[in-house]
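Subject: A structure to look through

Dear colleague,

I am handing over a structure for you to look at. Please open it beside this message and find each residue as you read.

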Amino acid sequence: VSFINYPLIVMTVTHATTHHLSGVHPAIFSILREEFSLSLQQLGIIAAIPPLLQVLVTIPTGLLSDRFGSKGMVLVSLFVALLGALLASQTTNPLMFIVALSIVYLNTTIYHPASYSYASNLFEGRERPKALGLHGAGGTLGHAMGPLSVSILIGLLGMEWRRVYLILGAPLLLGILMVLFL
């Protein structure tokens, strides 16, 4: 536990917040299907477009991280996630939701090269794999938190699905503040 420090905690927490949003849409597919009168094929397209766009921007975002620095690109990714969450919270049609979801996915594409670079540069030798493992666990935790958030906010508290995206903007703001204090 001696390898844990504030910068690693920030990278782990922000990793969780970036993946948190990505886990919401599969959990609300039944709601989206009903509200927008979508077929399973249309839901499949909604699910496929954001990761396909992610593929197209993966290499350029790595280059941007090298050019502009890890901390700056982590901040950009969190602002992009916040933008995607805010747009999703205002969605009125499936196309608008696809755009919002694509922005959410763009966030993780910007985030990964920058955060792994930042976390790697914090440690040397035997500490690096442990630190990267903890950082990676943050992302996995974020994946689990998305559907859990839907279960709690919609299932238990009876909120509307758009509000889930709005509420999940708060952890992103916390992440932005944490990164600013690095």
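Below I go through what was found, one region after another.

Please keep in mind that this is a predicted model, and that every value here was computed from it.

I would begin with helix α1, which runs over residues 6-22 and has 17 residues. From its first C-alpha to its last, helix α1 reaches 25 Å, close to the 24 Å expected at 1.5 Å a residue. The helix is mostly covered, since 14 of its 17 residues are buried. At its N-terminal end, α1 is capped by Asn5, which places a side-chain oxygen 2.9 Å from the backbone nitrogen of Leu8.

Next come the aromatic rings, of which the structure holds five pairs. A pair of this kind is described by the distance of the centres and the angle of the planes. In the pair of Phe97 and Trp161, the ring centres are 5.5 Å apart and the planes stand at 90 degrees, so the pair counts as edge-to-face, a term that applies over 60 degrees. Because Phe97 belongs to helix α6 (residues 94-122) and Trp161 to helix α8 (residues 161-167), this pair ties together parts that are 64 residues apart in sequence. Both Phe97 and Trp161 are buried.

Phe97 also forms an edge-to-face pair with Tyr165, at 6.1 Å centre to centre and with 75 degrees between the planes. Here too helices α6 and α8 are involved, with Phe97 in α6 and Tyr165 in α8, so the pair ties together parts that are 68 residues apart in sequence. Tyr165 is buried, as is Phe97. If you add Phe36 to Phe97, Trp161 and Tyr165, you have the four residues that form one aromatic cluster.

Which side chains meet in salt bridges, and how many such bridges does the structure hold? There are three salt bridges, and one of them joins Arg162 to Glu35 at 2.3 Å, N to O. Arg162 lies in helix α8 and Glu35 in helix α3 (residues 29-35), so this bridge ties together parts that are 127 residues apart in sequence. Arg162 has a relative accessible area of 15% and is therefore buried, the limit being under 20%, whereas Glu35, at 36%, is partly exposed. Arg162 forms a salt bridge with Glu160 as well, with the closest N and O atoms 2.3 Å apart, and Glu160 counts as partly exposed at 38% relative accessibility. Glu35, Glu160 and Arg162 are thus linked in a network of salt bridges.

Another salt bridge brings together the side chains of Glu127 and Lys130, at 3.4 Å, N to O. Both residues lie in helix α7, three residues apart, which is about one turn of the helix. In general, an α-helix has 3.6 residues a turn, so residues three or four places apart point the same way. Glu127 is partly exposed at 26% relative accessible area, and Lys130 is partly exposed at 41%.

Helix α7 (residues 127-156) also contains Gly133, which is partly exposed, with a relative accessible area of 40%. Gly133 and Thr12 are 121 residues apart in sequence, yet their C-alpha atoms are 9.6 Å apart in space.

Lastly, please look at the surface, where Tyr6, Leu177, Leu180 and Phe181 make a nonpolar patch of about 450 Å². Of these residues, Leu180 lies in helix α9 (residues 169-180) and counts as partly exposed, at 48% relative accessibility.

With best wishes

Definitions and conventions
Residues numbered from 1 in each chain as written. Predicted model: local features only at pLDDT ≥ 70, side-chain atom pairs only at ≥ 80, totals over all residues. Heavy atoms only, no water. Helix = DSSP H or I, 4+ residues; strand = E, 2+ residues; numbered from the N terminus. Expected span 1.5 Å × (residues − 1). Buried < 20%, exposed > 50% of the residue type's maximum accessible area, 1.4 Å probe, protein only. Polar contact = N/O pair within 3.5 Å; in protein donor to acceptor, adjacent residues only side chain to side chain. Phe/Tyr/Trp six-rings, centres within 6.5 Å; stacked < 30°, edge-to-face > 60°. Patch = residues over 30% accessible without salt bridge, like charges linked within 9 Å, V, L, I, M, F, W, Y side chains within 5 Å. Areas by Shrake-Rupley, 256 points an atom, 1.4 Å probe, with all protein chains shown as cover. Salt bridge = Lys/Arg side-chain N within 4 Å of Asp/Glu carboxyl O.
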